[in-house]
Amino acid sequence: MKRERPVNLNVLSMRFPVTAIISIGHRITGVLIFFFLPMLLWMLGHVLSDASAYASMLHCLSQPSMRVLLWILLASVGYHIVAGLRHLLMDAHILSNSFTAGKISAWLVLFVAFLWAVFVGVWLW
Amino acid sequence: MVNRLSRRGVQDWLAQRVTAIIIFAYTFLMMPRLFCPHLNTHIAWQALFAHTWVKVATLLTVASILWHAWIGLWTVFTDYVKSAGLRCLLQILVILVLAAIGLWALLLMVQ
Amino acid sequence: MATQDNRTMTLSISRYCPGEDKKPKLKDYDVNLADVKGQMLLDALLHAKEKNPDIGFRFSCSEGVCGSDGMNINGVNGLACVTRLDELPDKVVLRPLPGLPIIRDLIVDMTQFYDQLHKVNPYLKCKKMAPANKERKQTPEERNELDGLYECILCACCTTACPSFWWNPDKFLGPAALLAACRFVKDSRDDAKAERLDELRGAFAAFRCRVIMNCVRVCPKGLNPTKAIAELHKEMVMTDEEEAS
């Protein structure tokens with residue numbers, strides 16, 4: 001009887017550089033945004049409808065729970081775009097692929113995304 | 001021998017980047033309107049979307065989002081979902097959702 | 001010689017004996033560094049093995065060129081023979097390289113790693129015979145193109161640190177194999193560049209790289225597979241496919 005050999009995939013025991021954190025964050029925000037797409041279309045529909053529909057949409061979005069959702073969406077979009085720009089710059093060889101450049105640009109992404117999240121948070125409340 | 005499948009990597013890689021640039025350009029141009037009180041009014045939005053080119057740009061961006069999202073989610077599924085049956089089901093669901101979003105956007109633009 | 005460390009280091013080693021253990025478990029071994037002959041983690045491991053001969057791990061050259069003693073050291077892949085003891089904390093957790101089947105203790109089955117390497121045909125492909133009694137010549141500039149690519153010792157630290165490889169070890173070639181592919185694509189003496197690139201145009205072979213850069217962080221030779229993969233992407237996008245002849 002052939003036994004399956006175990007594999008070390010004990011991810012929690014491993015240490016990852018900031019570049020890895022950026023990458024998984026990019027993936028998570030991407031998936032999150034997908035789930036928000038229907039909401040975006042819903043908003044667009046109300047924007048293009050009559051004035052009362054627009055007003056009722058704004059009223060709905062001012063609910064605390066909706067503001068939280070909106071914050072998550074906008075913060076995710078901001079992170080995903082900034083991390084995506086970093087990818088594009090590296091692909092175009094404008095940003096270097098060295099580990100140092102990778103780490104510095106990763107920290108920059110985190111910083112800008114954080115600032116954006118704070119800005120949107122303040123704007124929403 | 002190179003066939004359609006064997007060049008899929010290059011095509012998806014390029015498509016991700018091109019659609020990303022389109023989405024970024026649209027978002028970059030639209031985003032300020034969200035935060036400017038005098039532009040974020042119902043009348044201002046109506047006026048903006050009265051232009052055909054805005055509708056075209058919007059649909060182009062929606063199409064880009066659909067393709068970009070599909071490639072991204074396909075990658076996620078092929079990483080984490082090893083059961084072929086479950087992966088197939090999830091992919092069909094995603095395609096349906098994306099198709100619905102695309103058609104919804106189209107209907108909104110032609111109204 | 002540097003001042004001898006007098007610490008007691010606890011090596012927490014992942015032990016797994018097929019047939020006896022259901023899954024790997026960490027077991028602690030205390031080592032008084034004053035008794036260890038040598039300054040590297042491998043020396044401490046060998047010292048622990050003197051008292052516990054059943055601890056299984058690969059090693060050979062003990063100087064960072066054979067690539068045998070790759071392992072996960074406190075969460076980061078590395079070679080035991082070039083990891084300095086005075087740079088390690090008192091507790092060192094040693095696990096096998098991630099993502100590959102564990103044969104025993106710290107010894108992993110490298111088959112998948114070698115399979116992916118073979119797929120890139122890591123040897124020169126020349127259409128013509130070499131000039132009689134002469135080598136195939138390169139200019140110094142052409143030779144410089146190989147720097148950062150030829151030095152790979154196939155230790156697998158990079159590939160086993162790559163999450164994309166973990167999720168698709170049979171389809172995604174991984175950092176080491178792709179670095180090797182780039183090495184031959186860049187070699188002016190090789191005549192099969194278009195053919196090599198065409199082999200990599202599929203959805204999985206070279207395009208699962210998410211620029212996580214774990215590979216760059218762990219490479220004991222300071223190589224940059226992320227950069228090599230980016231070079232391959234650029235070459236594939238900028239060059240046409242070769243028509244089937």
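Visitor: Does Leu97(C) count as buried or exposed?
Guide: Happy to start there, and please keep in mind that this is a predicted model. Residues under 20% relative accessible area are classed as buried. The relative accessibility of Leu97(C) is 3%, so this residue counts as buried.

Visitor: Where in chain C is Leu97(C) found?
Guide: Two strands frame the answer: β5 covers 91-95 and β6 covers 102-104. Leu97(C) sits in neither strand, but in the stretch that links them, the loop between β5 and β6.

Visitor: Leaving aside neighbours within four places in sequence, which residue of chain A is in contact with Leu97(C)?
Guide: Good one to check in the viewer. Among the contacts from chain C are Gly70(C), Met71(C), Val108(C), Cys155(C) and Thr160(C). The list also reaches into chain A, where the partner is Asn8(A).

Visitor: What distance separates the C-alpha atoms of Leu97(C) and Leu223(C)?
Guide: Along the chain, these two leucines are 126 residues apart. In space, their C-alpha atoms are separated by 18 Å.

Visitor: Now for chain B: how many helices and strands does its secondary structure have?
Guide: Reading from the N terminus, the elements run α-α-α-α. That comes to four helices and zero strands.

Visitor: Is chain B more spread out than a compact globule, or not, and what is its radius of gyration?
Guide: The C-alpha trace spans about 55 × 30 × 25 Å along its principal axes. For 111 residues the globule rule gives 13 Å, and chain B is well over that, so it is more spread out than a compact globule, with a radius of gyration of 18 Å.

How values were computed: Residues are numbered from 1 along each chain as its sequence is written. Chains are lettered from A and ligands numbered from 1 in the order in which they are written. This is a predicted model: local features need pLDDT of at least 70, side-chain atom pairs count only at pLDDT 80 or more; totals for chains, interfaces and linings use all residues. Side-chain values use heavy atoms; hydrogens and water are left out. Buried means under 20% relative accessible area, exposed over 50%, partly exposed in between (1.4 Å probe, protein chains only). Contact means heavy atoms within 4.5 Å. The radius of gyration is taken over C-alpha atoms; the globule rule is 2.2 Å times the number of residues to the power 0.38.
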